[in-house]
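Open the model in your viewer and keep the selection tool ready. The tour goes from one side chain to the helices around it.

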Amino acid sequence: MAASETGTTARGVTSSWRELGRMRAHQVPMVLGGVVAVLAGLVTFAQNLVKDGANATLPIGAIYLVAFGVLGLIAYAISKENLKNGAVVAAIAGLALLLLGGGAAGLLTGLLLVVGAVWGFAKAS
């Protein structure tokens, strides 16, 4: 029983990697912006945790990075089904990161998501 579950899990992981390999070019900025935003938010929290120890608080910038980074990844999933709707979600996430994300990470990831959204709109037209 466990061997068949392992085989199913392995097939699921390899199919998701194949799916990323077949990603359309205009979706790459959406995925890259979302992943970098989530990782930057987690690293920011980890830095505060190391610096402050048990009294560490979660900075609001890190919350925004993670939340809107996840929204950028959701935009990628939506754009696989409907490109215009995915581009709208990516634009919202990108603009929110530009305005609220703060710092270089928010600026970089927000620009990536906005570029992905504009590119997606151009492809859909």
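Buried means under 20% relative accessible area, exposed over 50%, and partly exposed in between (1.4 Å probe, protein chains only). This is a predicted model: local features need pLDDT of at least 70, side-chain atom pairs count only at pLDDT 80 or more, and totals for chains, interfaces and linings use all residues. Residues are numbered from 1 along each chain as its sequence is written, and side-chain values use heavy atoms, with hydrogens and water left out.

**Stop 1.** Select Ser79. Ser79 counts as buried because its relative accessibility is 1%. Ser79 sits in helix α3 (residues 60-81); helices are DSSP runs of H or I, at least four residues, numbered from the N terminus. Now show contacts (heavy atoms within 4.5 Å). Beyond its neighbours within four places in sequence, Ser79 touches Arg24, Gln27, Met30 and Gly86. The Ser79 side chain also reaches the backbone oxygen of Tyr76 at 2.8 Å.

**Stop 2.** Add helix α5 (residues 103-124). Its axis lies 11 Å from that of α3, at an angle of about 15°. Axes are lines fitted to C-alpha atoms, for helices over the stretch in contact, and angles run from 0 to 180 degrees between N-to-C directions. So α3 is roughly parallel to α5 (under 35 degrees; over 145 is roughly antiparallel, 65 to 115 roughly perpendicular, the rest oblique). Zoom to where Leu65, Phe68 and Gly72 of α3 meet Ala105, Gly106, Thr109 and Leu113 of α5.

**Stop 3.** Swap α3 for helix α4 (residues 83-101). The α4 and α5 axes come within 7 Å and cross at roughly 160°. The two helices are therefore roughly antiparallel.

Definitions and conventions: A polar contact is a pair of N or O atoms within 3.5 Å; within protein, one must be able to donate a hydrogen and the other to accept it, and residues adjacent in sequence count only if both atoms are side-chain atoms.
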